[in-house]
Amino acid sequence: MRTAYSVETVRAAERELMSRLPEGALMQRAVAGLAVACGQLLGRVYGSRVVLLVGSGDNGGDALYAGARLARRGAGVTAVLLSPERTHPGGLTALRRAGGRTVAPDAAEDIVRRADLVVDGIVGIGGTGGLRPAAAQLAALVAHSRAAVVAVDLPSGIEADTGEVRGSAVRADLTVTFGTHKPGLLVDPAREYAGSVRFVDIGLGAELPAEPDLEALQHADVADLLPVPAAESDKYRRGVVGIAAGSARYPGAAVLAVAGALRGGAGAVRYVGPAADAVLARFPETLVTDKGPAQAGRVQAWVVGPGAGDDASAVGEVLASDVPVLLDADGLRLADVGAVRDRTAPTLMTPHAGEAAALLGVKREEVERARLASVRELARRYGATVLLKGSTTLVADSGGGAVRVNPTGTGWLATAGSGDVLSGLAGSLLAAGLSALDAGSVGAYLHGLAGRFAADGAPAGAHDVAAAIPDAWRDVRG
């Protein structure tokens with residue numbers, strides 16, 4: 001599992017570790033990893049042109065020390081000093097002794113234009129509020145350069161704890177991060193600026209708390225959570241999921257939600273709603289009823305809302321049940337906040353940014369800018385687990401704790417009906433006994449993989465994504 005910690009936590013861990021190490025040892029561990037990554041990205045260090053963008057903090061010191069190592073290997077290294085009087089003294093001395101030179105920001109345009117590699121050491125993990133004008137001008141120069149860009153710990157201009165980007169920021173090809181990942185490297189919009197992320201272990205692990213601020217499941221984590229049927233399993237033991245979805249106007253939402261549930265491993269699906277004929281035509285194994293959810297028969301979880309229109313009756317009946325419930329699409333709009341908060345069984349809400357904005361009473365742009373804060377606030381306000389869909393899908397538990405970020409998302413999932421497939425898939429995992437947090441996280445992970453397999457670099461519809469879910473299972477299980 002990939003984990004990320006807040007700036008405050010990282011700094012406390014660094015202080016604890018540095019108290020037991022010789023002065024400068026921790027920085028040199030980071031610098032060694034940074035210099036190796038820069039050399040590998042260059043390919044040929046000797047004769048290359050390297051530009052360091054150096055701020056006043058330790059990130060600037062890291063860049064200077066790494067630049068000194070590259071200079072000793074034959075690179076021509078120039079450091080652009082934004083605050084000469086506050087530049088890291090040890091790093092600056094090391095660079096000059098290795099043959100590197102320094103210039104002021106007003107002399108940076110030509111050298112950045114001709115650079116093979118730019119190392120961004122302007123702002124460290126404590127930077128907030130966007131770049132100052134001189135730094136923003138350097139970021140603009142870098143954006144128009146053909147040089148490869150390496151960010152030290154995180155790109156300057158992004159906020160480490162939130163993933164927010166306020167104004168200009170450096171866009172890196174590679175970010176070399178030290179000790180642990182920072183939340184902003186995993187969450188959009190900041191994630192887009194980080195490029196590939198390389199982790200350098202500097203020994204912080206033992207100093208970090210057991211519970212991170214953010215975590216991203218990997219294949220092995222998902223494989224451990226997947227509900228695999230045993231020899232004695234039958235369709236009821238595997239989990240029966242009820243789906244109350246669709247309408248005369250949106251029958252396809254019901255079909256796609258059922259597809260996601262069946263492909264997701266449900267032992268059986270009970271469908272309630274006006275799209276029974278369309279569902280049976282595609283999936284004759286579905287159990288349908290013309291009665292409401294309360295009389296549909298036994299289920300281990302409910303999915304309610306996709307394509308439901310304005311009929312709130314099914315939402316109310318489902319929320320009154322004593323089994324886990326997944327609320328999506330129209331179900332989010334129709335659900336009463338108090339009814340959700342009063343539930344004793346788990347509730348998983350799956351809004352996209354527009355739906356989340358409506359629930360929070362803010363503009364969509366605010367949710368997209370502050371995704372972590374938005375998903376946490378929704379979980380707190382509703383007392384539910386919330387899966388915020390988007391370029392980086394986030395899952396926050398009602399009880400707080402680490403927020404899960406999904407690493408498998410793809411732009412090919414931005415297609416009509418894809419969210420309905422995810423609802424059915426995650427609902428089947430709820431019915432199989434996974435917690436709301438795990439069902440949402442595993443569902444998003446498999447959904448992302450299925451989207452990649454279905455598209456394979458070309459357009460694909462939601463029905464293709466549903467059909468590829470078994471491929472995602474096989475890939476995860478090896």
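## Exercises on two pockets and three backbone sites

The lining of the largest pocket holds 15 nonpolar, 13 polar and 9 charged residues. Here Ala, Val, Leu, Ile, Met, Phe, Trp, Tyr, Cys and Pro are nonpolar, Asp, Glu, Lys and Arg are charged, and the others, Gly among them, are polar. The model is predicted: local features need pLDDT of at least 70, side-chain atom pairs count only at pLDDT 80 or more, and totals for chains, interfaces and linings use all residues. Numbering runs from 1 along each chain as its sequence is written, and side-chain values use heavy atoms, with hydrogens and water left out.

**Exercise 1.** Describe the largest pocket and its lining.

Step 1. A pocket is an open set of points on a 1 Å grid over the protein atoms alone, with protein on both sides within 12 Å along at least five of seven lines; lining residues have an atom within 4 Å of a point.

Step 2. The volume of the largest pocket is about 950 Å³, where a volume is the space filled by probe spheres set on the points, joined across faces, edges and corners.

Step 3. This pocket is lined by 37 residues, and G57, D58, N59, V123 and G124 are the closest to its centre.

Step 4. Two or more lining residues come from each of α1 (7-18), α2 (25-42), α3 (58-72) and α6 (133-143). Helices are DSSP runs of H or I with at least four residues, strands are runs of E with at least two, and both are numbered from the N terminus.

**Exercise 2.** Find the element that gives the largest share of the lining of the second largest pocket.

Step 1. The second largest pocket has a volume of about 770 Å³. Among its 32 lining residues, H352, K389, L413, A414 and G419 are the closest to the centre.

Step 2. At least two lining residues each come from α9 (251-263), α14 (353-360), α15 (364-369), α17 (418-431) and α18.

Step 3. The largest share, 4 residues, is that of α17.

Step 4. By class, this lining has 9 nonpolar, 16 polar and 7 charged residues.

**Exercise 3.** State whether D153 is buried or exposed, and do likewise for D456.

Step 1. Most residues other than glycine have a negative phi. D153 has a positive phi near 75°, and the phi of D456 is positive at about 50°.

Step 2. D153 sits in the loop between β6 (148-152) and β7, while D456 is in the loop between α18 (436-455) and α19 (462-467).

Step 3. Buried means under 20% relative accessible area, exposed over 50%, and partly exposed in between (1.4 Å probe, protein chains only). D153, at 6%, is therefore buried, whereas D456, at 68%, is exposed.

Technical notes: On a 1 Å grid over the protein atoms alone, a cavity is a set of points where a 1.4 Å probe fits but cannot get out, and a pocket is an open set with protein on both sides within 12 Å along at least five of seven lines; lining residues have an atom within 4 Å of a point.
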